[in-house]
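Subject: Structure handover and findings

Hi,

Here is the structure I promised to pass on. Please open it first; my notes follow below.

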Amino acid sequence: MLKVRSPQDLGAGILFLLIGFAGIYFGRELAFGSARNMGPGYFPTIISWLIVVAGFVTIGKALSIEGPPVERFQIRPIFMLMVALAIFGFLISQIGVVITAALMMVVAAYARPRVNLLETIVFAVCVSAFVVLLFVYGLGQPM
């Protein structure tokens, strides 16, 4: 009988299998084509099969290597990350990507149990600076 040594890896492996098989199932009607003449289903099918392989490897790891147990479900991190993404989606067109990115980082920081406000603000400023460097100077996009 198989013994699960890493419940977290088992859960991740099952999730990979579900996502991979769903991709294969939903992409089955797209023309696959060949490596030389790729159809619209070529890349999604290949990626889905790679996700399935990753799922089986992860499940194999769960059965052979000791790992941590599954942590109890916490609503706060999920809720705060959803709020941060909603803020980004609603405010990006009104106040711009630089300020929205900083605001999103501050809200997302509250997904953790203990938040250091100074650390969060420094991180938010660094993310905003990175956004400016990437989009304005790197890609030449007007802000």
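Let me start with L10. L10 counts as partly exposed, because its relative accessibility is 24%, and partly exposed covers the range between under 20% and over 50%. Keep in mind that this is a predicted model.

**Helix 1 and its partners**

L10 lies in helix 1. Leaving aside neighbours within four places in sequence, L10 is in contact with V4, I59 and A62. L63 is 53 residues from L10 along the chain, yet their C-alpha atoms are separated by 7.8 Å.

D9 is also part of helix 1. Is D9 buried or exposed? D9 is buried, because its relative accessible area is 18% and the cut-off for buried is under 20%. Setting aside residues up to four places away in sequence, D9 touches T58, K61 and A62.

T58 sits in helix 2, which runs over residues 42–64. T58 has 15% relative accessibility, so T58 counts as buried. With residues up to four places away not counted, T58 touches D9, A12, G13 and F16. D9 and T58 are 49 residues apart along the chain. Their C-alpha atoms are separated by 5.9 Å.

L18 is another residue of helix 1, which spans residues 7–26. L18 counts as exposed, because its relative accessibility is 57% and exposed means over 50%. From L18 to V97 the C-alpha distance is 34 Å. In sequence, L18 and V97 are 79 residues apart.

**Helix 4**

V97 leads on to helix 4, where V97 is one of the buried residues. The others listed as buried there are T100, A101, A102, M104, M105, V107, A108 and A109. What covers them? The cover for the buried residues of helix 4 includes helix 3 (75–95) and helix 5 (117–138).

I also checked the length of helix 4. Helix 4 has 13 residues, 97–109, so at 1.5 Å a residue the helix should span 18 Å. Its end C-alpha atoms are 18 Å apart, which agrees.

**The whole chain**

How many helices and strands does the protein chain have? The count is five helices and zero strands. Along the sequence, the pattern reads α-α-α-α-α.

The protein chain has a radius of gyration of 21 Å. For a compact globule of 143 residues, the value would be near 15 Å. The C-alpha atoms fill a box of roughly 50 × 45 × 25 Å along the principal axes.

Burial comes to 24% of the 143 residues. The protein chain exposes about 10,300 Å². Carbon and sulfur atoms supply 74% of that area.

On contacts, take the pairs of residues at least 6 apart in sequence. Of these contacts, 62% join residues at least 24 apart. The pair D9 and T58 is in contact, with their positions 49 residues apart along the chain.

Charges last. The protein chain carries 9 positive and 5 negative charges. The mean positions of the two sets are 0 Å apart.

Best regards

Notes: Residues numbered from 1 in each chain as written. Predicted model: local features only at pLDDT ≥ 70, side-chain atom pairs only at ≥ 80, totals over all residues. Heavy atoms only, no water. Helix = DSSP H or I, 4+ residues; strand = E, 2+ residues; numbered from the N terminus. Rg over C-alpha atoms; globule rule 2.2 N^0.38 Å. Buried < 20%, exposed > 50% of the residue type's maximum accessible area, 1.4 Å probe, protein only. Contact = heavy atoms within 4.5 Å. Areas by Shrake-Rupley, 256 points an atom, 1.4 Å probe, with all protein chains shown as cover. Lys, Arg positive; Asp, Glu negative; His and termini not counted. Charge placed at Lys NZ, Arg CZ, Asp CG, Glu CD. Expected span 1.5 Å × (residues − 1).
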